[in-house]
Every structure is written in structure tokens, then in C-alpha cells.
Amino acid sequence: MKFIVVFAALFAVALAAPRPDAEIVKNVSDVGPEEFQFESETSDGTKHVADGKLKDVGTEHEAIVVHGTYSWVDEKTGEKFTVTYVADENGFQPQGAHLPVA
């Protein structure tokens, strides 16, 4: 289960990765043994903010819970897209106005 959460978080980071011609305008992180926070922003309007914390530390149910949001601006239309998500023992759970709802 931890693999799925980590994979989902890394996937979100990859989606929010800056384009080759974009410059980093903000990159702040605070990483500890049981929690983290970060915020990054690029000159092309891409932004990613997340925080994660271990829960049930030391038990067999130990899991990381990540809350975050990322956004980007479509190069062709100029439309801004935003995804808010939770990644936990239940997997990656994104929400956004442009995403289909099950």
C-alpha cells in the first residue's frame, strides 16, 4: 500500500514538473522523519504545494497521508487547471473541475 501512495505522490510531482523553458521562481521544502511540506512554482504558472505526515507510526498500519494541490496553465488555451488531492492508504484521490466524477 505504501508503494501506491508513494507512486501517486511522485506521479503528481511529475505532472507538475516545469517545462524546459520555465524557470523556478519558488522552491521551499521542509522534510522531517515523519512529515514533510513543500511548495514549488515556476515562471510558466505551474505550482505544486503538498504536505505529508505518517500516521499510526510504529504499527503494521503505518501509512503516509499526503494532502496537496497542483495547477498549470494550458499552453494553447491559456486555461488554468487545478487538482486538489489526498494520497493515503486508500490511494490517490484527485479532485478538479476538469476531472470526470465516477
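**Note on a predicted six-strand sheet model**

1. Thr-46 counts as buried, because its relative accessibility is 4% and the cut-off for buried is under 20%. Thr-46 sits in the loop that links strand E2 (35-42) to E3. Its side chain makes a polar contact with the side chain of Asp-44, at 2.9 Å. The model is predicted, so these remarks apply to a prediction.

2. The strands form an open sheet of 6, in the order E1-E2-E3-E4-E5-E6, and the pairing is antiparallel. Strand E1 (24-31) and strand E6 (91-95) are the edge strands, each pairing on one side only. From one strand to the next, the twist averages 10 degrees.

3. At one edge of the sheet, E1 and E2 run antiparallel and are joined by 7 bridges. Val-31 stands opposite Phe-36 in E2.

4. Phe-36 also belongs to the largest nonpolar core, which has 7 residues. The other members are Ala-50, Val-66, Tyr-70, Val-83, Tyr-85 and Ala-87. E4 and strand E5 (80-88) are the elements that give two or more residues to this core. The largest share, 3 residues, comes from E5.

5. A second loop, between strand E3 (47-55) and strand E4 (63-73), holds Asp-56. Is Asp-56 buried, partly exposed or exposed? Asp-56 is partly exposed, because its relative accessible area is 41%, which falls between the cut-offs of 20% and 50%.

6. The backbone at Asp-56 deserves a separate remark. Its phi is near 55 degrees, a positive value in a residue other than glycine. Most residues other than glycine have a negative phi.

Definitions and conventions: Residues numbered from 1 in each chain as written. Predicted model: local features only at pLDDT ≥ 70, side-chain atom pairs only at ≥ 80, totals over all residues. Heavy atoms only, no water. Helix = DSSP H or I, 4+ residues; strand = E, 2+ residues; numbered from the N terminus. Buried < 20%, exposed > 50% of the residue type's maximum accessible area, 1.4 Å probe, protein only. Polar contact = N/O pair within 3.5 Å; in protein donor to acceptor, adjacent residues only side chain to side chain. Core = buried A, V, L, I, M, F, W, Y, C linked by side-chain atoms within 4.5 Å. Pairing = 2+ DSSP bridges. Axes fitted to C-alpha atoms, helices over the stretch in contact; angles between N-to-C directions.
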